[in-house]
Amino acid sequence: MKTALNLCYSRIQDCHRHSILARTRSNREDGTETTMLFTRLPSPIRHALIAGLVTPWLVLSVSAAPAQGETGASSTGKKSDVLIAELAEDENVEDVEDSVPLKHSERERRSASANTRSGAGIDTPSSPARKVAPNIDLKQVAPPPEAQPATQTGQTGEPPGPEVATEDTGTAAQPEILPGEVFTLLGSDVMPGTSTRLAWTPGIQIAGLSQPTPVLVVNGVNAGPTLCLTGAIHGDELNGIEIIRQTMYDLNPEKLSGRVVGIPIVNLPGFQQGSRYLPDRRDLNRHFPGHPEGSLADRIAHSLFENVIRKCDMLVDIHTGSLKRTNLPQLRADMNNPEVAEFTRGFDRMAVVHSTGSPGMLRSAAVAAGIRTVTLEAGESHRIQQHQISAGVNSLTSLMERQGMISRMFVWGDPEPVYYDSDWIRADHGGILFSEIELGARVSKGEILGYVSDPITNAQHPIRSTSDGRVIGMAVDQVVMAGFAAYHIGTEAEVPGE
Ligand SMILES: [Zn+2]
């Protein structure tokens with residue numbers, strides 16, 4: 001697969017010159033069949049495709065997708081007012097439910113502002129001397145990065161670098177290709193056409209014992225936007241770590257326009273302890289953009305935000321469900337922000353749920369700083385789930401192609417996202433939850449999704465769907481109390497969040 005894909009990565013203009021892109025549609029009913037085309041085809045077809053690379057592109061038609069689900073009656077909109085203690089909640093339940101509805105006028109302005117800011121992280125010549133980062137083939141085993149002296153956050157207010165190129169987020173006309181620039185991050189200069197591993201040190205540990213957090217950087221040979229990927233801000237959310245690894249290690253700096261910065265494990269202490277939290281039991285994703293003199297979480301958030309996040313034009317923060325809940329791969333995006341709404345269009349046929357986000361989330365803080373940001377949710381915590389990972393990698397690859405950063409031959413699936421309005425259905429009784437349906441299932445209003453079984457009285461309490469739609473998130477079987485959010489039902493929407 002890699003050989004074939006590498007063949008089809010070529011400079012953007014080549015790809016577009018040939019550009020009969022074989023946009024294949026697929027039947028991705030359950031949203032998990034998003035592996036690259038080459039891994040799915042029987043080998044005679046695969047060989048035919050590879051042979052086709054030297055000639056104009058093969059137009060391939062896999063089965064046309066049936067319409068994604070029957071959206072019918074809208075959801076009831078009646079939400080339970082039970083306030084169960086869910087302090088540990090991710091943006092799974094409350095943050096989605098509390099989202100500000102979409103504003104129409106905002107939406108109409110959306111298309112006007114689709115341009116990509118470019119050139120972040122390019123320092124002005126007056127910047128202090130830095131060291132040049134070693135060019136490391138990320139595919140090789142490389143020595144661990146050296147700890148950087150804690151970067152003083154004061155210097156990060158430096159003005160954004162000069163505009164290098166204006167990327168059009170559309171896929172039609174490609175701008176001329178300009179050579180890449182030196183990318184300065186964490187005190188190192190990453191030369192164009194190279195990749196490296198840097199180290200971010202928030203400076204909160206005993207200096208001699210501090211363990212730097214690896215930051216992978218691929219600086220493309222051509223100019224383009226800077227995409228940042230963050231994983232494991234909650235240390236027990238593992239799928240994102242693997243999504244970032246697979247995405248970063250598949251990049252070739254010689255064929256990249258722009259830069260990709262990946263921090264697979266932001267919350268290293270939490271990861272090492274299998275914990276969602278920081279050592280002080282705080283949720284790091286409630287402390288952005290942070291403060292240099294605040295709590296431990298504030299300081300870590302501030303250091304990350306000032307030293308890395310501000311260098312990004314685009315950010316995808318990768319999470320999973322929490323509290324034994326699992327999510328269909330989906331984006332959480334503030335559709336009230338026109339630039340973010342446009343940004344969601346690049347992720348291939350990924351589900352998008354409108355969510356304005358909560359204060360302190362990395363997503364909210366980054367959007368406030370002018371960085372187009374979404375949260376990508378995939379699967380559940382404490383687990384590595386290959387289907388969810390493949391979906392995430394595929395959507396990030398689509399995004400990079402859409403942003404003109406890479407070229408790939410085939411697009412797997414309908415390029416448009418699917419927008420959902422959503423409602424959580426809560427258990428009304430305590431007991432043991434047994435689900436009758438699976439994640440991704442299409443359900444009808446009134447259909448039984450599962451039962452809460454009382455282990456003492458043997459009572460069975462069915463939980464029914466409140467609308468026609470799709471199960472985009474759900475609790476795994478477990479002991480629940482009344483008020484526990486058990487099923488997240490999405491109904492397709494032209495524009496979500498209204
Ligand atoms: Zn999370």
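## A small open sheet

In this predicted model, strand 2 and strand 4 (residues 188–190) run parallel and are joined by 2 bridges. If you want to find one of the contact points yourself, look at Lys-131: its bridge partner in strand 4 is Ser-188.

Now add strand 3 to the picture. The open sheet has 3 strands in the order 2-4-3, and the pairing is mixed. Strand 2 (131–132) and strand 3 (183–185) sit at the edges with a single partner strand each, so one side of each has no neighbour in the sheet.

## Helix 7 and what covers it

Next up is helix 7, which runs over residues 239–249. Is it mostly covered or mostly uncovered? It's mostly covered, with 8 of its 11 residues buried. Among the buried ones are Asn-239, Gly-240 and Ile-241 at one stretch of the helix, and Thr-247 and Met-248 further along.

So what does the covering? The list includes several strands: strand 6 (213–219), strand 7 (222–231), strand 8 (257–263), strand 9 (314–321) and strand 12 (372–380). Helix 12 also helps cover the buried residues of helix 7.

## Helix 12

Helix 12 is mostly covered too, as 14 of its 17 residues are buried. You can check its length with a bit of arithmetic: at 1.5 Å a residue, the 17 residues (386–402) should span 24 Å, and the end C-alpha atoms are indeed 24 Å apart, so the two agree.

Keep following the chain and, just after helix 12, you'll meet Gly-404, which has a positive phi of about 75°.

Methods: Residues numbered from 1 in each chain as written. Predicted model: local features only at pLDDT ≥ 70, side-chain atom pairs only at ≥ 80, totals over all residues. Pairing = 2+ DSSP bridges. Helix = DSSP H or I, 4+ residues; strand = E, 2+ residues; numbered from the N terminus. Expected span 1.5 Å × (residues − 1). Buried ≥ 20, exposed ≤ 12 C-beta atoms within 10 Å, placed from the backbone. Contact = placed C-beta atoms within 7 Å.
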